Amino acid sequence: MDTLPLASGDAAEPLAPAQLRELYWLMAAVRHLDTAAVAWQRQGIIPGYAPELGQEAAQVGSGFAVDTARDFVFPTYREMGVARTMGVDMVAYMSTHKATWHGGLYNPLESRLAPIQAVVAGSVLHAVGWAHGQTLDGKDGVALSYFGDGASSQGDVHEALNFAAVMKAPVVFFVQNNGWAISVPTERQVAGGSVAARAAGYGMAALQIDGDDVVAVLAATRRAFAHARSGNGPVLIEAMTYRRGPHSTSDDPGRYRSLDEERDGAGPDPLQRFRQQLLADGIADEAFFAAALAAAQAEEEQIRAGIQALGPRPGTEMFDLVFQETTPALQAQAASWREESEHV
């Protein structure tokens with residue numbers, strides 16, 4: 001499915017060998033950190049995590065298209081790969097998963113990545129609001145909003161798509177269709193089987209792409225950004241991929257699918273697929289892949305050490321982050337807490 005005219009300019013330029021190698025380097029880092037995070041949860045380092053095994057190409061490819069000088073990304077709880085690709089401090093990002101501080105330690109305004117959104121489809125409306133603000137301010141930033149095939153059935157998504165289309169808001173709605181809305185397969189919760197097909201009802205451009213091909217994902221996302229940035233309105237991208245593991249570390253996928261079904265549905269591994277492509281094209285060799293793995297392992301150790309070094313957050317932050325204007329009684333309580341903490 002492709003209802004979007006081919007974009008011109010840098011959106012259509014082929015990737016240089018160095019860029020292709022960078023994409024693989026990022027995918028390797030994301031794969032290693034993702035599997036490590038699951039182990040961290042089992043070890044009690046973080047209380048919970050939403051794995052993205054198998055979705056590295058969709059996340060790295062789309063995140064690579066973001067211009068952090070002007071665009072803004074609105075993630076769900078499963079976009080670690082996007083954060084890593086955008087250059088967000090990963091100790092700061094992963095601190096969110098310790099559930100000890102509101103929104104983690106990274107600065108959304110500096111990183112251009114909004115705080116992780118645990119509410120299903122919760123950030124889609126935020127993205128549209130920010131994008132419409134760009135239009136009102138005469139700026140050319142584009143909002144990139146992530147959600148899954150399950151979230152696409154939420155009413156907030158309908159409101160976001162409709163408003164964005166009517167107002168021609170510069171938004172790219174990036175749907176990672178990983179085949180499952182927790183335990184429910186796509187065919188049982190998306191009428192017609194395609195999220196991208198719904199875009200026609202809003203008069204919106206849409207693309208359905210191979211979400212396991214990082215180069216195709218990057219090209220499609222660049223086209224969508226060029227389309228939205230030129231004042232043509234929003235674009236919906238449906239990246240077809242597969243969730244190879246559980247919905248979260250508290251989920252047991254064996255309750256709703258067998259290992260054979262998982263292997264059959266997943267298809268080729270996106271990391272191995274890209275590796276074979278780079279080898280076949282002579283763009284990378286075994287020494288490069290070994291270096292990428294070593295770098296990913298070293299990075300994971302550094303992030304793990306950083307997370308374990310994080311101390312408890314002071315309770316007084318509640319007064320700074322929860323209340324815009326505190327009452328005199330709360331101000332007195334905050335002063336008392338700060339005084340007590342100084343003597344601990």
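Start in the loop between α5 (108-111) and α6 (124-136), and select arginine 112. This is a predicted model. Check the backbone of arginine 112: phi is near 70°, a positive value in a residue other than glycine. Most residues other than glycine have a negative phi. Now show the surface around arginine 112. Its relative accessibility is 17%, so this arginine counts as buried, the cut-off being under 20%.

Stay in the loop between α5 and α6 and move along to alanine 121. Here too phi is positive, at about 65°, although alanine 121 is not a glycine. Is alanine 121 buried or exposed? With 6% relative accessibility, alanine 121 counts as buried.

Next, go to the strands. Select β2, residues 143-148. Of its 6 residues, 5 are buried, so strand β2 is largely enclosed by the rest of the structure.

Which strands does β2 pair with? Add β1, residues 72-74, to the selection. Strands β1 and β2 run parallel, and 3 bridges join them. Then add β3, residues 171-177. Strand β3 also runs parallel to β2, with 6 bridges between the two.

Now pick out single residues across these strands. Select valine 73 and look for its bridge partner in β2: that partner is leucine 144. Keep leucine 144 selected and turn towards β3. There, leucine 144 stands opposite valine 172. Leucine 144 thus links up in both directions, with valine 73 and with valine 172 in β3.

Zoom out and colour by secondary structure. The protein has 13 helices and 7 strands. Its radius of gyration is 21 Å, close to the 20 Å that the globule rule gives for 344 residues, so the protein is as compact as a globular protein of that length. Along the principal axes, the C-alpha atoms fill a box of roughly 65 × 50 × 40 Å.

Turn on contacts. Take those between residues at least 6 apart in sequence: 74% of them join residues at least 24 apart.

Switch to the surface. The accessible surface comes to about 15,500 Å², and carbon and sulfur atoms account for 53% of it. How many of the 344 residues count as buried? The share is 51%.

Finish with the charges. Select the positive side chains, 25 in number, then the 41 negative ones. The centres of these two sets lie 2 Å apart.

Definitions and conventions. Residues are numbered from 1 along each chain as its sequence is written. This is a predicted model: local features need pLDDT of at least 70, side-chain atom pairs count only at pLDDT 80 or more; totals for chains, interfaces and linings use all residues. Side-chain values use heavy atoms; hydrogens and water are left out. Helices (H or I, at least four residues) and strands (E, at least two) are DSSP runs, numbered from the N terminus. The radius of gyration is taken over C-alpha atoms; the globule rule is 2.2 Å times the number of residues to the power 0.38. Buried means under 20% relative accessible area, exposed over 50%, partly exposed in between (1.4 Å probe, protein chains only). Contact means heavy atoms within 4.5 Å. Accessible areas come from the Shrake-Rupley method with a 1.4 Å probe; for residues, only the protein chains shown count as cover. Lys and Arg count as positive and Asp and Glu as negative; His and the chain ends are not counted. The place of a charge is taken as NZ of Lys, CZ of Arg, CG of Asp or CD of Glu. Two strands pair if DSSP finds at least two bridges between them.
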